[in-house]
Structures are given as C-alpha cells and as structure tokens.
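Visitor: Could you take me through this model, one question at a time, with the reasoning behind each answer?

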Amino acid sequence: VQLQASGGGLVQAGGSLRLSCAASGRTFNNYVMGWFRQAPGKEREFVAAFGGGTYYADSVKGRFTIFRDNTKNMAYLQMNSLKPEDTAVYYCAARWSRYSEYHKDWNYWGQGTLVTVSS
C-alpha cells in the first residue's frame, strides 16, 4: 500500500489542524492505520492508531482523534488544542496486524507532513 500524508502547516497554540492520509490499494480496510511524529533530534514516536479500536499516546489523549473512511481509502488525524510541543513531522503508517507503538513494527509509511505550533 502507498500512503500520502497532507494537511500540515503553521498554527498558533490552542488551534486545530486535520491531517489526512490517502492510501492506495483495494484492501485498505484490512490495515491498521496509525500516525507517528518526529521532532528534530528525537525518536519517531507513536501518536494514534485505528484498528480493532482506537489507541492514543498519553500526550495527545483528549486532544487528538484518529478516524478513517474505508470507502475513500482515507485516514485522518484531527488535532485540537495544539501545543508547541506537538511541533513535529507527522507520518501516517499502515500494518497488517494489531497496532503497535513501536515504529519499526509498521510496514508502510507516508512521506510526512510538517506541523508547526507557535506559542
């Protein structure tokens, strides 16, 4: 499957953004979809996943929502109440089996979209 992330940009603290991930392939609904992020000088970290339930990193719970539209082969990450520490390149990812918070467990990656939150 090929993934294309979009929707990043510059936003003030407290604002919102919605990231989108377009996926190719006819078996999209069989994949677990996830979002990760990587800030400069830091490891890539888990943000959220959708597959057999929804899962969130503690740092984004209550602020971010992951959802998907299998009819359109799309996954989304709605980000509200953004904080400067949310600044990172955000990646969408897909894998066959259950979700994992370890980025190396994921099989497919989009190219990343930059989110910058100003204070």
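Visitor: Is Arg 63 buried or exposed?
Guide: In this predicted model, Arg 63 is found in the loop that lies between β6 (54-56) and β7. Its relative accessibility is 11%, and the cut-off for a buried residue is under 20%. Arg 63 therefore counts as buried.

Visitor: Which residue has a side chain that makes a polar contact of 2.7 Å with the side chain of Arg 63?
Guide: Once residues up to four places away in sequence are set aside, Arg 63 touches Gln 78, Met 79, Asn 80, Ser 81, Leu 82, Lys 83 and Asp 86. From that list, the side chain joined to the one of Arg 63 by a polar contact of 2.7 Å belongs to Asp 86.

Visitor: Ser 81 is among those residues touched by Arg 63; what is the phi of Ser 81?
Guide: Ser 81 is placed in the loop between β8 and β9, and with 39% relative accessibility it counts as partly exposed. Most residues other than glycine have a negative phi. Ser 81, a residue other than glycine, nevertheless takes a positive value, near 50°.

Visitor: Which residue in the hairpin of β7 and β8 takes a positive phi?
Guide: The two strands run antiparallel and are joined by six bridges, and the hairpin has four residues between them. The residue in question is found in the loop between β7 and β8, is buried with a relative accessible area of 18%, and has a phi of about 55° although it is not a glycine. That residue is Asn 73.

Visitor: Which side chains of β7 point to the buried face?
Guide: Along β7 the side chains alternate between two faces. Thr 65, Phe 67 and Asp 69 point to one face and are not buried, whereas the side chains that point to the other face and are buried are those of Phe 64, Ile 66 and Arg 68.

Visitor: In what order do the four strands of the open sheet lie?
Guide: The edge strands, each pairing on one side only, are β1 (3-6) and β7 (64-69). At one end, β1 is joined by four bridges to β3 (residues 17-23), with Ala 5 opposite Cys 21; at the other, β7 is joined to β8, with Phe 64 opposite Met 79. Neighbouring strands are turned by 15° against each other on average, direction ignored. The pairing is antiparallel and the order is β1-β3-β8-β7.

Visitor: Which cysteine forms a disulfide with Cys 21?
Guide: The count comes to one disulfide, with sulfur atoms 2.2 Å apart and an angle of 65° about the S-S bond, which makes the link right-handed. Cys 21 lies in strand β3 and its partner in strand β9, so the pair ties together parts that are 71 residues apart in sequence. Both cysteines are buried, and the partner of Cys 21 is Cys 92.

Visitor: Why is β9 largely enclosed by the rest of the structure, and how many of its residues are buried?
Guide: β9 pairs in the antiparallel sense with β4 over seven bridges, with β11 over three, and with β10 (residues 108-109) over two. Individual bridge partners include Gln 38 with Val 89, Val 89 with Leu 114, and Ala 94 with Tyr 108. β9 is largely enclosed because, of its eight residues, the number buried is seven.

Visitor: Which strand gives the most to the largest nonpolar core?
Guide: This core has 36 residues, and those with the most contacts inside it are Met 33, Trp 35, Val 47, Phe 64, Leu 77, Met 79 and Tyr 90. Among the strands that each supply at least two residues are β4 (32-38), β5 (45-50), β8 (74-79) and β11 (113-118). The strand that gives the most, with five residues, is β9.

Visitor: Which tyrosine is in contact with Leu 77?
Guide: Leu 77 is one of the residues with the most contacts inside the core. With neighbours within four places in sequence left aside, its contacts include Leu 17, Leu 19, Trp 35, Val 47, Phe 64 and Ile 66, and the tyrosine in contact with Leu 77 is Tyr 90.

Technical notes:
Residues numbered from 1 in each chain as written. Predicted model: local features only at pLDDT ≥ 70, side-chain atom pairs only at ≥ 80, totals over all residues. Heavy atoms only, no water. Pairing = 2+ DSSP bridges. Axes fitted to C-alpha atoms, helices over the stretch in contact; angles between N-to-C directions. Core = buried A, V, L, I, M, F, W, Y, C linked by side-chain atoms within 4.5 Å. Buried < 20%, exposed > 50% of the residue type's maximum accessible area, 1.4 Å probe, protein only. Contact = heavy atoms within 4.5 Å. Disulfide = S-S within 2.5 Å. Polar contact = N/O pair within 3.5 Å; in protein donor to acceptor, adjacent residues only side chain to side chain.
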